[in-house]
Amino acid sequence: MTDIEELLLSRIRDVADYPEPGVMFKDITPLLADPAAFTALTDALADIAVRTEATKIVGLEARGFILAAPVAVRAGIGFIPVRKVGKLPGATLSQAYDLEYGSAEIEVHAEDLAVGDRVLVIDDVLATGGTAEASLQLIRRAGAEVAGVAVLMELGFLGGRGRLEPALAGVPLEALLQV
């Protein structure tokens, strides 16, 4: 395990039975409260943005916003929020996707992505991969190119990487931590 992995893991708190019995929630708020850990995380994700030659960063609601915005600033590129449906004013593009029990929808301002943009998607966790997969579809529908996906942690036992592989179409999926 690398020093950064040890630092990040040491600042993530396990919360049993949240938000429902049987779930072990990974709380990143202690990491965000620690300036050294948050800076190390931001630097690591900004390195991925530079390496993938991203020109824009998409952050997925809501914790993805917290991680993606400082990464965009550090990398010197634009930040675009992908929100739950109905949260953005103006013209939007939306993408529906299936959840384990039901469906959901995300959207982005139509003018925020364009042909020629290389977009890195950032989120805190890759779980089942549904939201990330929908974001890749949304980015491509807007005419932009996907540069990759980067997450703080991947919950491997939920199979998100396997679900996401076809939608990635060869672009990298990088998880700083595997849980």
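Where along the chain does E53 lie? E53 sits in the loop between α3 and β3, and that loop is a handy way into this predicted model. The centrepiece here is an open sheet of seven strands with mixed pairing. There's also a pocket of about 1400 Å³, the largest one in the model. The bullets below go through the sheet, the helices, the pocket, and then some backbone and residue details.

**The sheet**

- Reading across the sheet, the strand order is β5-β6-β4-β3-β7-β8-β9.
- The edges belong to β5 (92-99) and β9 (173-178); each has a single partner strand, so one side of each is left without a neighbour in the sheet.
- Direction ignored, neighbouring strands of this sheet are turned by 20 degrees against each other on average.
- Starting at the β5 edge, β5 and β6 run antiparallel and are joined by eight bridges. If you want a spot to look at in the structure, find Q95, which stands opposite I106 in β6.
- β4 and β6 also pair in the antiparallel sense, here over two bridges. R83 has E107 in β6 as its bridge partner.
- Further along, β3 (residues 56-60) and β7 (residues 118-126) run parallel, with four bridges between them. V58 is a good marker for this pairing: its bridge partner in β7 is V121.

**Helices lying across the strands**

- Helix α3 (residues 35-51) lies across β3, β7, β8 (145-154) and β9. Against β9, helix α3 runs at about 160 degrees.
- Helix α6 (residues 160-168) lies across β5, β7, β8 and β9. The angle between α6 and β9 is about 165 degrees.
- So which strands do you meet under both helices? Lists for α3 and for α6 both include β7, β8 and β9.

**The largest pocket**

- Forty residues would be a lot to click through, as the lining of the largest pocket has 40 residues, but you can start with R63, V125, A127, T128 and T131, which lie nearest its centre.
- Which element gives the most to the lining? That's β7, with five residues.
- Several other elements chip in with at least two residues each, among them β2 (24-27), β4 (78-84), β6 (102-109) and α5 (130-141). β5 and β8 are also on that list.
- By residue type, the lining of the largest pocket divides into 23 nonpolar, twelve charged and five polar residues.

**Backbone oddities**

- Two cis peptide bonds are worth checking by eye. One runs from Y18 to P19, with omega near 5 degrees, and P19 lies in the loop between β1 (13-16) and β2.
- The other joins E61 and A62, with omega at about -5 degrees. A62 is in the loop between β3 and α4 (63-75).
- D17 has a positive phi, near 60 degrees, although it isn't a glycine. D17 belongs to the loop between β1 and β2.
- E53, the residue from the opening question, also has a positive phi near 60 degrees without being glycine. Is E53 buried or exposed? E53 is exposed, with a relative accessible area of 58%.

**Two loop residues up close**

- L155 lies in the loop between β8 and α6. With a relative accessible area of 14%, L155 counts as buried, because the cut-off for buried is under 20%.
- Which residues does L155 touch, not counting those up to four places away in sequence? They are K26, V125, L126, A127 and V179.
- V125 and A127 turn up again here: L155 touches both, and both are among the residues nearest the centre of the largest pocket.
- L155 and K87 are 68 residues apart in sequence, and their C-alpha atoms are 28 Å apart in space.
- V23 is in the loop between β1 and β2. V23 is partly exposed, with a relative accessible area of 31%.
- Leaving aside neighbours within four places in sequence, V23 is in contact with V15, A16, D17 and Y18. That list includes D17, with its positive phi, and Y18, from which the cis bond to P19 starts.
- V23 and L126 are 103 residues apart along the chain, with 15 Å between their C-alpha atoms.

Methods
Residues are numbered from 1 along each chain as its sequence is written. This is a predicted model: local features need pLDDT of at least 70, side-chain atom pairs count only at pLDDT 80 or more; totals for chains, interfaces and linings use all residues. Side-chain values use heavy atoms; hydrogens and water are left out. Two strands pair if DSSP finds at least two bridges between them. Axes are lines fitted to C-alpha atoms, for helices over the stretch in contact, and angles run from 0 to 180 degrees between N-to-C directions. Contact means heavy atoms within 4.5 Å. On a 1 Å grid over the protein atoms alone, a cavity is a set of points where a 1.4 Å probe fits but cannot get out, and a pocket is an open set with protein on both sides within 12 Å along at least five of seven lines; lining residues have an atom within 4 Å of a point. Grid points are joined across faces, edges and corners, and a volume is the space filled by probe spheres set on the points. Ala, Val, Leu, Ile, Met, Phe, Trp, Tyr, Cys and Pro count as nonpolar, Asp, Glu, Lys and Arg as charged, and the others, Gly among them, as polar. Buried means under 20% relative accessible area, exposed over 50%, partly exposed in between (1.4 Å probe, protein chains only).
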